[in-house]
Amino acid sequence: MKDSAEQAPWTCSTCPYCGVGCGVLLRQGDDGRLEVKGDPDHPANYGKLCSKGSALGETVGLEGRLLAPVVQGETRDWDSTLDLVAERFKRTIAEHGPDSVAFYVSGQLLTEDYYVANKLMKGFIGSANIDTNSRLCMASSVAGHKRAFGTDTVPGTYEDLEEADVIVLTGSNLAWCHPVLYQRILRARKTRGLKLVVIDPRRTASCDGADLHLALEPGSDVALFNGLLSEIARRDMLDGDFLTHVDGAEAAIAAARGDDLALTGLPADQLAQFYDMWLGTEKVVTIYSQGVNQSTSGTDKVNAIINCHLATGRIGREGMGPFSVTGQPNAMGGREVGGLANMLACHLDLENADHRVAVRDFWSAPAIPDAAGLKAVDMFRAVGDGRIKALWIIHTNPAVSMPDADRVRAAIAGCDFTVVSDITGETDTARLADVCLPATAWGEKSGTVTNSDRTISRQRPVLPAPEGTRADWDILAEVGRRMGWASAFDYASPAEIFREYAALSGIAGAFGRDFDISGLSDLDDAGYADLAPVRWPVTAARQGGRFFADGQFFHADGKAKMLAVNWRPPMSKRDARHGFRLNTGRTRDQWHTMTRTARSPRLAAHLAEPFVEIHPADARRLKIGAADLVTLSNDQGQAVVRALITDAVRQGEMFVPMHWTGETAPSARIDALVAAHVDPVSGQPESKGSTVAAAPFEAAWFGFAVSAQRILPDCAYWARVKTNAGWRVEMAGDTPVDDWEQHAREMFGLSEARVQTMIDAARGEARLAFLDDEGGLLAALYVSRTPVSVQRSYLATLPGKDGGAAVTGRAPADLPDPGPIVCSCFSVGANEILRAVESGIPMTVEAVGEALQAGTNCGSCRPEIADLLARIPLREAAE
């Protein structure tokens with residue numbers, strides 16, 4: 001479509017963030033910037049975008065991009081570099097066998113990239129040592145699906161969220177992590193009276209719209225859903241007809257009766273209310289995500305949920321069923337192509353000889369491994385002990401995101417040969433590589449992704465690929481050719497790969513598997529280019545829809561299985577040394593390790609440094625004050641983060657976001673404290689159950705800085721984010737500084753610049769503003785013995801502007817400080833909302849939206865606006 005003859009046409013593509021799979025419209029403006037808006041015709045979002053999706057245009061560009069291969073720190077050409085990669089992998093395999101090499105890939109890959117990587121490793125190298133960072137988020141759901149259904153099948157669709165009468169969110173902060181879906185639920189709640197239950201030890205933004213919040217004991221989900229299953233049986237609400245299609249019901253119910261509901265820590269009246277709501281209507285959808293999956297009993301939790309839906313026949317029909325929401329844009333696509341170490345391709349099984357032969361013959365491959373490869377945690381253990389000697393990491397940052405991250409970082413650094421494919425060399429992992437390969441980025445790539453409800457969508461290029469970069473499928477195929485398999489990897493386009501993949505899925509369909517898109521195998525290049533969003537399966541007989549309403553499942557006997565499961569405690573035990581349970585997760589406006597989102601000043605403004613949520617009673621006991629720094633430690637590692645004192649967490653529990661890295665806040669790499677305990681079935685790590693000690697960080701000084709140029713502080717704690725005018729940095733040191741002017745000049749690299757100072761050595765305070773010859777601010781530093789109190793949002797706008805009053809740390813009276821950002825979509829600060837209330841607008845979220853637009857786009861800031869309004873003292877109603 002075109003807005004006018006002068007403007008470029010909009011290109012339909014897909015957002016690269018979470019598993020909602022929102023459609024986006026993209027075009028490059030006359031100024032070269034990328035314009036982004038929601039696609040009103042895409043079935044995942046119908047034009048809506050969250051704060052991250054809305055800010056996509058700020059995250060593209062050449063800043064920090066890797067634009068040529070790098071070998072041992074030196075720029076090289078593609079030809080010699082690919083020869084090196086192919087030769088080193090060939091030599092390693094020849095000397096040590098195929099299991100001495102491994103690929104660690106990512107849900108950021110497009111399906112076509114994933115397919116080539118899996119084919120190369122499993123079909124031609126002959127090892128199953130390919131795993132993905134999706135192991136860290138969705139592996140327990142995969143395992144639970146396979147145990148219950150016989151395949152990794154998501155039964156329902158997004159439409160079920162609007163057709164349900166009750167939705168249960170368990171282990172999912174949908175409001176922040178999948179906000180477009182959350183807003184679909186809230187609209188249904190408003191128009192249809194849908195009821196919402198949130199199950200989470202922590203009070204999150206998702207609780208704002210809930211009818212019931214169950215703040216259960218961490219890890220007790222199995223006990224809770226076993227209690228529900230027992231109640232289903234007690235009330236004689238088992239669906240006898242549907243259970244003729246299910247094995248194991250009697251054993252599952254008997255096991256469920258063995259769990260003590262006291263394990264949940266929930267009062268009897270809340271349990272009764274939950275069970276009444278769940279059993280009061282057929283139309284129940286149970287949505288679950290990382291809070292369920294990231295556990296040493298994650299697979300059992302998934303099956304405890306599915307058991308309840310199977311027992312009542314509430315599955316595969318409108319408005320009912322278990323629903324796993326995925327964390328990455330193509331986690332589902334990776335599962336479909338076999339990107340996990342224990343899967344083959346197209347939902348075929350490595351353990352099944354007939355499946356292996358069929359795939360081998362289709363690929364004309366020399367051999368297919370007959371056993372699972374190393375899953376992520378075991379893979380990096382094998383890297384560390386030398387069993388894996390050549391490692392290829394693609395579009396992920398395991399030196400930060402893996403549990404026991406310090407040990408993983410050391411393992412990668414010590415590996416004989418490590419290749420990293422990425423868009424930047426400025427990640428913790430890329431800095432450890434022997435070889436870095438420059439890949440094309442979102443906005444430049446062409447391929448497909450699959451979202452959480454099985455909808456396949458196209459990602460299309462709208463920006464030219466920078467010279468020196470290559471598509472991931474092309475890099476992988478070229479290495480395959482140079483390793484000796486020219487015909488198997490003789491691909492000319494992603495469309496050609498997609499056709500081959502779709503044809504292979506037809507073989508899976510012939511085996512009676514769920515995943516079959518063979519109806520797309522004859523797409524020509526034009527058809528692939530124009531492919532509209534489509535939900536699988538796609539065959540001559542069927543397209544899309546739900547699974548299992550007919551009682552037909554994918555186990556050999558055609559039945560589903562209910563599993564006898566029981567509560568098991570987290571592996572990490574709280575004790576006198578480590579008295580706090582550590583929960584890790586996402587914040588609203590950041591993504592994974594911030595490789596993309598940290599490029600956006602708008603997104604960085606919301607929560608500009610790492611923090612720990614700590615209960616007020618725990619803070620008082622530890623003598624931790626608001627905005628103090630806190631040291632968290634255990635046997636794995638240590639982190640320093642800012643205290644956020646709140647009753648959103650329970651006593652004895654803490655929450656820390658997982659986004660911060662050695663590039664952005666080196667002391668806050670929180671996965672260094674996460675123990676590498678895994679679910680015995682899925683291999684997924686327990687990212688929400690480690691234990692830590694907490695203590696105040698003994699700071700000699702605290703600092704805040706703004707700068708037009710990126711700076712690298714030299715102190716015990718720092719956190720750096722981008723602003724529209726440059727950079728802002730929070731800092732703290734554990735040793736005194738004698739000469740603040742000299743320290744600041746060295747940090748900012750401003751040896752000759754003019755400086756204004758306000759230094760009070762006796763009070764430990766210093767304020768320094770460095771100016772150019774015209775009086776423009778180059779950088780400023782504010783120091784105190786206690787957390788620095790200045791107007792941060794205002795100061796962050798000053799680099800490049802008149803800095804004459806910057807040393808005061810405050811905005812002039814005629815330039816009011818907007819305050820901390822609340823709404824990232826429209827850059828609305830807390831102080832702006834307060835001033836609007838003072839001007840007389842009603843104290844409602846809707847009135848704030850009407851006055852300032854805050855909360856009117858994705859809606860994920862609405863709970864924060866409501867909380868801010870609730871903390872304003874009641875004022876006299878104006879007549």
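Which residues of the largest nonpolar core touch the most other members? In this predicted model, they are Phe89, Phe103, Leu224, Phe274, Leu310, Trp392 and Ile517, out of 113 residues in that core. Helix α3 gives the most to the core, contributing eight residues. A second core, separate from this one, has 51 residues, among them Val641, Val692, Val721 and Leu798. To see what the surroundings of a core residue look like, Leu224 is a handy example: leaving aside residues up to four places away in sequence, Leu224 touches Ile199, Leu214, Leu216, Leu261, Thr264, Leu266, Leu271, Phe274 and Tyr275.

Aromatic rings come next. A pair of such rings is described by the distance of the centres and the angle of the planes. Searching the whole structure gives 30 aromatic pairs. In one of them, the ring centres of Phe124 and Phe489 are 5.2 Å apart and the planes meet at 70°, so this pair is edge-to-face. The two partners are 365 residues apart in the chain: Phe124 belongs to helix α3, while Phe489 sits in the loop between α19 and α20. Both Phe124 and Phe489 are buried. Phe489 also pairs edge-to-face with Tyr491, with 6.5 Å from centre to centre and 85° between the planes. Phe489 counts as buried because its relative accessibility is 0%, and Tyr491 counts as buried at 7%. Phe489 has a charged partner too, since the charged end of Lys119 sits over its ring, 5.3 Å from the centre. Elsewhere, Arg720 lies over the face of Trp727, 5.8 Å from the ring centre.

Side chains of opposite charge can pair when their charged atoms come close. The structure holds 59 salt bridges. One of these joins Lys445 and Asp113, with 3.8 Å between the closest N and O atoms. Lys445 lies in the loop between β16 and β17 and Asp113 in helix α3, so this bridge ties together parts that are 332 residues apart in sequence. Lys445 and Asp113 are both buried.

A further salt bridge links the side chains of Asp160 and Arg546, at 2.8 Å from N to O. Here the partners are 386 residues apart, with Asp160 in helix α5 and Arg546 in the loop between β19 and β20. Asp160 is buried, with a relative accessible area of 1%, whereas Arg546 is partly exposed at 24%. Arg792 and Glu730 form another salt bridge, their closest N and O atoms being 2.5 Å apart. Arg792 is in helix α25 and Glu730 in strand β29, so the bridge connects parts 62 residues apart in sequence.

Methods: Residues are numbered from 1 along each chain as its sequence is written. This is a predicted model: local features need pLDDT of at least 70, side-chain atom pairs count only at pLDDT 80 or more; totals for chains, interfaces and linings use all residues. Side-chain values use heavy atoms; hydrogens and water are left out. Rings of Phe, Tyr and Trp (its six-membered ring) pair if their centres lie within 6.5 Å; planes under 30 degrees apart count as stacked, over 60 as edge-to-face and the rest as tilted. Helices (H or I, at least four residues) and strands (E, at least two) are DSSP runs, numbered from the N terminus. Buried means under 20% relative accessible area, exposed over 50%, partly exposed in between (1.4 Å probe, protein chains only). A charge sits over a ring if NZ of Lys or CZ of Arg is within 6 Å of the ring centre and within 35 degrees of the ring normal. A nonpolar core is a set of buried Ala, Val, Leu, Ile, Met, Phe, Trp, Tyr and Cys residues joined through side-chain atoms within 4.5 Å. Contact means heavy atoms within 4.5 Å. A salt bridge is a side-chain nitrogen of Lys or Arg within 4 Å of a carboxyl oxygen of Asp or Glu.
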